[in-house]
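Thanks for coming. Let me put the model up, and then I'll walk through it.

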Amino acid sequence: MNLRITISLVVLAALIVGGYTAYRRYIASMQVGSEARQINGARLTSERLQQLPSPPWRFVLEISADRLGGVDQVIIGPCGIIAASTLMFDRPEDAETPDPQNMANAAVMRSPVDDLAARAGLSCDILARVYWGAPQPERHAALDSGAATVAVEGQRLTDWLLTLPPRPLTPAQIDLAWQAILTGIGRPDPLA
């Protein structure tokens with residue numbers, strides 16, 4: 001009888017010590033700068049985009065890398081079609097220089113989106129690189145490189161989108177482009 005009680009107490013003590021150790025490791029992993037506490041940049045961007053009214057804005061959110069070659073969001077709205085790529089560091093001080101190589105890189109990155117948008121008779125002519133580093137309120141929300149690439153501060157993404165000049169897109173064209181891109185990457189038809 002005493003042996004059972006002793007074994008039970010030893011097992012209980014081991015469980016308490018093990019549970020406490022696991023809890024301390026979990027709390028340590030939640031500290032700022034720990035490797036285990038990585039934030040998903042595409043999720044931050046999609047949450048920011050969902051603050052815009054739909055319609056007129058339509059989004060293809062959190063696209064896997066194997067679908068559109070590095071474009072993780074597609075924004076479709078009154079300003080046209082924008083391919084977006086999320087980066088988890090500070091926005092560069094200066095815009096990229098508009099040299100031919102940067103223009104070609106932007107065109108190559110946008111091309112899968114452009115191909116899908118062509119099904120709706122539209123094109124994608126802007127690549128937005130969304131930076132989720134430290135906010136820089138003293139600077140403009142976006143830096144245009146002139147190479148059809150725009151560096152946007154993630155915290156002010158919606159502000160930038162709302163300041164873009166509208167293109168002559170009808171709500172039907174916006175929905176058609178949204179449908180073409182969603183079905184083109186293997187997602188269900190949103191208008192069916």
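Start with helix α4, and its buried residues: Asn102, Ala106, Met109, Arg110, Val113, Leu116 and Ala117. Buried means under 20% relative accessible area, exposed over 50%, partly exposed in between, with a 1.4 Å probe and protein chains only. An α-helix has 3.6 residues a turn, so residues three or four places apart point the same way.

Before I go on, the ground rules. This is a predicted model, where local features need pLDDT of at least 70 and side-chain atom pairs count only at pLDDT 80 or more, while totals for chains, interfaces and linings use all residues. Numbering runs from 1 along each chain as its sequence is written, and side-chain values use heavy atoms, with hydrogens and water left out. Helices (H or I, at least four residues) and strands (E, at least two) are DSSP runs, numbered from the N terminus.

What do the buried residues of α4 pack against? They pack against α3 (65-68), β2 (73-77), β3 (80-87), β4 (124-131), β6 (149-153) and α6 (171-184). Contact here means heavy atoms within 4.5 Å.

Now the length of α4. Expected span is 1.5 Å times one less than the number of residues. For the 18 residues of α4, 100-117, that gives 26 Å; the end C-alpha atoms are 24 Å apart, which agrees. There is a bend, though: about 50° at Ser111, with a proline, Pro112, following within four residues. That bend is the angle between axes fitted to the seven residues ending there and the seven starting there.

Next, the sheet. It is open, has six strands in the order β1-β2-β3-β4-β6-β5, and its pairing is mixed. Two strands pair if DSSP finds at least two bridges between them. Which strands stand at the edges? β1 (58-60) and β5 (142-144) do; each has a single partner strand, so one side of each is left without a neighbour in the sheet. On average, neighbouring strands are turned by 25° against each other, direction ignored. Axes are lines fitted to C-alpha atoms, for helices over the stretch in contact, and angles run from 0 to 180 degrees between N-to-C directions.

Now the pairs. β1 and β2 are antiparallel, over three bridges. In that region, Val60 stands opposite Val74 in β2. Two helices pack on this sheet. α4 touches β2, β3, β4 and β6, and its direction makes about 120° with that of β4. α6 touches β1, β2 and β3, and its direction makes about 10° with that of β1.

On to β4. Six of its eight residues are buried, so call the strand mostly covered. β3 and β4 pair in the parallel sense over seven bridges, and Ala83 has Leu127 in β4 as its bridge partner. β4 and β6 are also parallel, over five bridges. Here Ala128 stands opposite Val150 in β6.

Cysteines next. How many disulfides are there? Zero, under the rule of two cysteine sulfur atoms within 2.5 Å. The sulfur of Cys79 is 10 Å from the closest cysteine sulfur, in Cys124, too far for a bond. Cys79 is buried at 8% relative accessibility. Cys124 is buried too, at 3%.

Last stop, Ser46, in helix α2 (residues 41-49). Buried or exposed? Buried, with a relative accessible area of 1%. Leaving aside neighbours within four places in sequence, Ser46 contacts Leu61, Glu62 and Gln73.
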